[in-house]
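Here's a protein to poke around in, one question at a time. Have a look at it first, then see how you do.

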Amino acid sequence: MTNKKIGIVVGSFRKGSFNKTLADYIFETLENKGIEAEFVEYRNVPILEQDTEYPTPKEMSDIRNQVSKLDGLWIVSPEYNGSYPALLKNLLDWLSRPAKQFDFETPTVINSLPTTVSGAAGSTKAKFVRAQILGLLAYIRTNVMPGDGVGLQIPQEAWQTGEFILSDEQKEEINNQVNEFINFINK
Ligand SMILES: Cc1cc2nc3c(=O)[nH]c(=O)nc-3n(C[C@H](O)[C@H](O)[C@H](O)COP(=O)(O)O)c2cc1C
């Protein structure tokens, strides 16, 4: 047991989201290895507008509080036109901002926080969105795990049945990423 805690952010709110299925698998795998995992729920975070940014809305201050206690953050996202879903960008924009207005001295809650990315998508295996998110995570000064993250192709059957069953190979890729991220947060 290492007493570490990892937050998982899912980029899709779709009922039956394949990325949520993937995130559930990541959650389970982390917990099986003795790492606490929890989802970061951000559906009700308002769109960031600078006129209404302060005082910070409760939905967002609760998330800042949650994220400040994490040892790592794992983004699991679909690919929308080669990029990230708007609400995920909105969350990361909020997290990049000072908790207190004009306080640019105190590090943000995501400053230096270890991060990694996975995504389930079509034949691109989410490679474009992973690159975009990794770039964004570096820009907002998180501590991005080296590499390209892991992308899984959603199999054709999943679109018919509505269920994404990870193959053994896909599970192995995620297991490897979990091991790598645990080592990374323990460095
Ligand atoms: C606006 C929009 C744009 C999309 N663009 C892409 C894309 O660029 N690449 C891709 O692989 N899938 C794309 N898709 C399909 C998603 O990969 C697919 O809907 C997937 O199921 C979304 O993940 P979820 O099941 O977790 O919601 C797009 C879907 C939407 C709604």
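Q: How far is the ligand's oxygen atom from an N or O atom in the side chain of Asn19?
A: Keep in mind that this is a predicted model. A polar contact needs a pair of N or O atoms within 3.5 Å. The side chain of Asn19 has an N or O atom that makes such a pair with a ligand oxygen, and the distance is 2.9 Å.

Q: Which residue has a polar side-chain atom 3.0 Å from a nitrogen atom of the ligand?
A: Arg14 isn't the one here: its polar side-chain atom lies 2.8 Å from an oxygen atom of the ligand. The partner of the ligand nitrogen, at 3.0 Å, is Glu79.

Q: How many residues in the shell around the ligand are polar?
A: There are 14 residues around the ligand, with Ser12 and Ser17 among those that come nearest. Split the shell up and you get 5 nonpolar and 2 charged residues, while the polar ones number 7.

Q: Is Gln177 buried or exposed?
A: Gln177 sits in helix H6, residues 168–185, and it touches Trp74, Met145 and Val150, among others. Its side chain also reaches the backbone oxygen of Val117 at 3.0 Å. Buried means under 20% relative accessible area. Gln177 has just 2%, so it counts as buried.

Q: Which helices do the buried residues of H3 pack against?
A: Helix H3 covers residues 86–95, and its buried residues include Leu88, Leu91 and Trp94. They pack against strands E1 and E3, and also against helices H2 and H4.

Conventions
Residues are numbered from 1 along each chain as its sequence is written. This is a predicted model: local features need pLDDT of at least 70, side-chain atom pairs count only at pLDDT 80 or more; totals for chains, interfaces and linings use all residues. Side-chain values use heavy atoms; hydrogens and water are left out. Helices (H or I, at least four residues) and strands (E, at least two) are DSSP runs, numbered from the N terminus. Buried means under 20% relative accessible area, exposed over 50%, partly exposed in between (1.4 Å probe, protein chains only). A polar contact is a pair of N or O atoms within 3.5 Å; within protein, one must be able to donate a hydrogen and the other to accept it, and residues adjacent in sequence count only if both atoms are side-chain atoms. Contact means heavy atoms within 4.5 Å. A residue is near a molecule or strand if one of its heavy atoms lies within 4 Å of it. Ala, Val, Leu, Ile, Met, Phe, Trp, Tyr, Cys and Pro count as nonpolar, Asp, Glu, Lys and Arg as charged, and the others, Gly among them, as polar. Lists of a residue's contacts leave out its neighbours within four places in sequence.
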